[in-house]
Amino acid sequence: MKQILLIDREFGAGGCAIGEKLAARLNWKLFDETLSEEIARLAKIPVDVCRRHEERTDPWLQRLINLVWRGTFDRNLPSPDLAILDTDRLVSIIQQVIEQAAENRPCVIVGRGAPYFLRQRTDTFSVFLYASRELKFRRILKRVGNEAEAVKLLDSMDDDRRKFVKHYFGHEWPNRQYFDAMLNTGNGDENTVEAVLHLLNAANQNEGAGKA
């Protein structure tokens, strides 16, 4: 049975709100902001300093920090300890947190590359959410309250996600083969929730029929 619902999304497409609604309707555990909190906690664990990153700026590390920290809209997350962190370690931490979350099924996991980290599992149902640029801008502006910052986030966050997936998994983002459905949230949050629930239920009915 599909007991792990994965929500990937364009930045500003409403993935957080829709993921929350889906978790409530399903009565499943939600992993969204808590993922970033756990990643932030683990990123400050003292470890051996990675020598090859001590004396130079790692642009990939900054991209990942933007994805994990800025992408949440949560300004209260602690910053990672850059002196003890490099990109490979941060990716390893993200993977660890995602895999631990998946063990708490049934659950809904929003973002953080979950469809790629969990691509070998057979108990996941993956959905990609997208929207028009205007709709995404309005959503982001409502959260940050600043037009310049909203445009900057709109133009940069998805580009960083695309580069992250390409760099670490060798795939284009979004990679259609990893998703069971791709939905336009311009149809409204509630309609999107209903569509996802319908598709998830159909997938589980099909699996049940196949085993009968």
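User: Why does aspartate 32 count as buried?

Analyst: In this predicted model, aspartate 32 has a relative accessibility of 6%. The word buried applies to values under 20%, and because 6% falls under that cut-off, aspartate 32 counts as buried. Aspartate 32 is located in the loop between strand 2 and helix 2 (33-43).

User: What makes the pairing of the side chains of aspartate 32 and arginine 112 a polar contact?

Analyst: The two side chains are joined at 2.6 Å. A polar contact requires a pair of N or O atoms within 3.5 Å, one able to donate a hydrogen and the other to accept it. The value of 2.6 Å lies within that limit, and the pair is therefore a polar contact. Arg112 also appears, with Cys16 and Val110, among the residues in contact with aspartate 32 once neighbours within four places in sequence are left aside.

User: How do you know that threonine 185 is buried?

Analyst: Its relative accessible area is 1%. Because the cut-off for buried is under 20%, threonine 185 meets it. This residue is in the loop between strand 5 and helix 8 (189-211).

User: Which residues does threonine 185 touch, not counting residues up to four places away in sequence?

Analyst: Threonine 185 touches Ala13, Ile18, Leu129, Tyr130, Ala131, Leu135, Arg139 and Thr192.

User: Why is alanine 114 called buried?

Analyst: Alanine 114 has a relative accessibility of 0%. That value is under 20%, so alanine 114 is called buried. Alanine 114 has its place in helix 5 (residues 114-117). Beyond residues up to four places away in sequence, alanine 114 touches Leu6, Ile98 and Ile109. Its C-alpha atom is separated by 9.8 Å from that of valine 97, and the two residues are 17 residues apart along the chain.

User: How do you know that the buried residues of helix 1 are on the same side?

Analyst: The buried residues of helix 1 are Gly15, Ile18, Gly19, Leu22 and Ala23. They cover an arc of only 135 degrees around the axis, and therefore they are on the same side of helix 1. In general, an α-helix has 3.6 residues a turn, so residues three or four places apart point the same way. The exposed residues Glu20 and Ala24 are carried on the face of helix 1 turned away from its buried side.

User: How does the span of helix 1 stand against the expected value?

Analyst: Helix 1 (residues 15-26) has 12 residues, and the span from its first C-alpha to its last is 16 Å. This is close to the 16 Å expected at 1.5 Å a residue. Asparagine 27 follows helix 1, and its phi is positive, near 60 degrees.

User: What makes strand 1 mostly covered?

Analyst: Six of the six residues of strand 1 are buried. Ile4, Leu6 and Asp8 lie on one side, with Leu5, Ile7 and Arg9 on the other, and both faces are covered.

User: How do you know that strand 1 pairs with strand 3 and is joined to strand 4?

Analyst: Two strands pair if there are at least two bridges between them. Strand 1 and strand 3 have four bridges, in the parallel sense, and six bridges join strand 1 to strand 4, again parallel. Both counts reach the required two, and therefore both are pairs. Leucine 5 stands opposite valine 108 in strand 3 and opposite phenylalanine 125 in strand 4.

User: What makes strand 2 and strand 5 the edge strands?

Analyst: The open sheet of five strands has the order 2-3-1-4-5, with parallel pairing. Strand 2 (29-31) and strand 5 (181-184) each pair on one side only, and they are the edge strands. From one strand to the next, the twist averages 20 degrees. Strand 5 is joined to strand 4 (residues 124-130) by four bridges, and phenylalanine 128 stands opposite methionine 182 in strand 5.

User: Which strands does helix 4 lie across?

Analyst: Helix 4 (residues 87-102) lies across strand 1 (4-9), strand 2 and strand 3 (107-110), and runs at about 160 degrees to strand 3.

How values were computed
Residues numbered from 1 in each chain as written. Predicted model: local features only at pLDDT ≥ 70, side-chain atom pairs only at ≥ 80, totals over all residues. Heavy atoms only, no water. Axes fitted to C-alpha atoms, helices over the stretch in contact; angles between N-to-C directions. Contact = heavy atoms within 4.5 Å. Buried < 20%, exposed > 50% of the residue type's maximum accessible area, 1.4 Å probe, protein only. Expected span 1.5 Å × (residues − 1). Arc of directions from axis to C-beta.
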